[in-house]
Amino acid sequence: ILEVEDLPLTYRGRSRIAGFRGIAVGFPSAMNYAFNANTGSLSGIWQGGFVRVRWDGQGAGDFDPASRFIALAQDVAFCSLATDDAPWPLRPKMDEENPVNPDPLYPRNLGYQFSGYSFDNASVPTLMYRFGDIAIEDKSVAGTDEASKSLTRSLQFTSPAAQSLYFRALTGKVQELTAVQFQTDALRFTIPSAITQLRPMPGEDGQMELILKLEIPMGTSTLEFH
């Protein structure tokens, strides 16, 4: 078990919560999150122990949350949709009957490309990736004490032209509390004022998805979620 001490800790490896290119980040306040670098999605969040790591056999480098976690969607988080009501492009599903990935270029074909990450002086990582011609810098910071149980996510967009970008912010049994606040049984999500659409997920009884239509201006802009 890896323990976070005075500074945030970042660990990379395969994980069932974050795929084959998983990145886990833990904070001294015991708030942690996982990011799927293969699809560009914040794929899990939890409080308590950081990660349990395997360094033996074929699973060398694998990690899993060391405490109970909230699993989030691992599909692409951003994309361009032809219309506001177009279906969200989902990750190909594989099972014993269909073990071969039918779309191995799934994230890339939608314009996603991971570019790496950098650290600030406090050891907090900024994840960098692209969707089409929009460069995104993604930084999440936890509250300073265990009682806060919060994570603030800041996104910086750099675009060569004004354009629309869709963000699939939350899935599951999502309820709308106000125009800027939504929740599931496990978490509450606060957004800035934006064009939102809360709609049923096709083929998933009782499951909803929260889609934000972001109007990205030319140049650099920022957006913050809690």
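**Exercise 1.** Which residue is the bridge partner of C79 in β13? Place the two strands in their sheet.

*Solution.* This is a predicted model, in which local features need pLDDT of at least 70 and side-chain atom pairs count only at pLDDT 80 or more, while totals for chains, interfaces and linings use all residues. Residues are numbered from 1 along each chain as its sequence is written, and side-chain values use heavy atoms, with hydrogens and water left out.

- Step 1. The bridge partner of C79 in β13 is Y166.
- Step 2. Strands are DSSP runs of E with at least two residues, numbered from the N terminus. Strand β13 covers residues 163-172 and runs antiparallel to β8, to which two bridges join it. Two strands pair if DSSP finds at least two bridges between them.
- Step 3. The open sheet has four strands, ordered β8-β13-β18-β17, with antiparallel pairing. Its edge strands are β8 (78-79) and β17 (195-200), each of which pairs on one side only.

**Exercise 2.** Describe how β1 and β2 are connected and paired.

*Solution.*

- Step 1. Strand β1 spans residues 9-15 and strand β2 residues 19-26; six bridges pair them in the antiparallel sense.
- Step 2. The connection is a hairpin through three residues.
- Step 3. Within this pairing, R12 stands opposite I23 of β2.

**Exercise 3.** Classify the ring pairs F35-F114 and F78-F167, and say which parts of the chain they tie together.

*Solution.*

- Step 1. Rings of Phe, Tyr and Trp (its six-membered ring) pair if their centres lie within 6.5 Å; planes under 30 degrees apart count as stacked, over 60 as edge-to-face and the rest as tilted. The whole structure holds 13 aromatic pairs by this search.
- Step 2. For F35 and F114 the ring centres are 6.3 Å apart and the planes stand at 40 degrees, so this pair is tilted. F35 belongs to strand β3 (residues 31-36) and F114 to strand β9 (residues 112-119), so the pair ties together parts 79 residues apart in sequence.
- Step 3. Buried means under 20% relative accessible area, exposed over 50%, and partly exposed in between (1.4 Å probe, protein chains only). F35 is buried at 1%, and F114 counts as buried at 19%.
- Step 4. The centres of the F78 and F167 rings are 4.7 Å apart with planes at 20 degrees, so this pair is stacked. It ties together parts that are 89 residues apart in sequence, because F78 lies in β8 and F167 in β13. Both F78 and F167 are buried.
- Step 5. Ring pairs also build a cluster, whose members include F35, F78, F114, F167 and F225.

**Exercise 4.** How many residues does the largest nonpolar core have?

*Solution.*

- Step 1. A nonpolar core is a set of buried Ala, Val, Leu, Ile, Met, Phe, Trp, Tyr and Cys residues joined through side-chain atoms within 4.5 Å.
- Step 2. The largest core has 47 residues, and F35, F78 and F167 are among those with the most contacts inside it. Strand β18 (residues 208-216) gives the largest share of this core, six residues.
- Step 3. Another core, of 10 residues, lies apart from it and includes Y11 and W46.

**Exercise 5.** Is S159 buried or exposed? List its polar contacts.

*Solution.*

- Step 1. S159 is in strand β12 (residues 151-159) and counts as buried, at 4% relative accessibility.
- Step 2. A polar contact is a pair of N or O atoms within 3.5 Å; within protein, one must be able to donate a hydrogen and the other to accept it, and residues adjacent in sequence count only if both atoms are side-chain atoms. The S159 side chain makes such a contact with the side chain of Q163 (2.8 Å). A polar atom of the S159 side chain also lies 2.5 Å from the backbone oxygen of A161.
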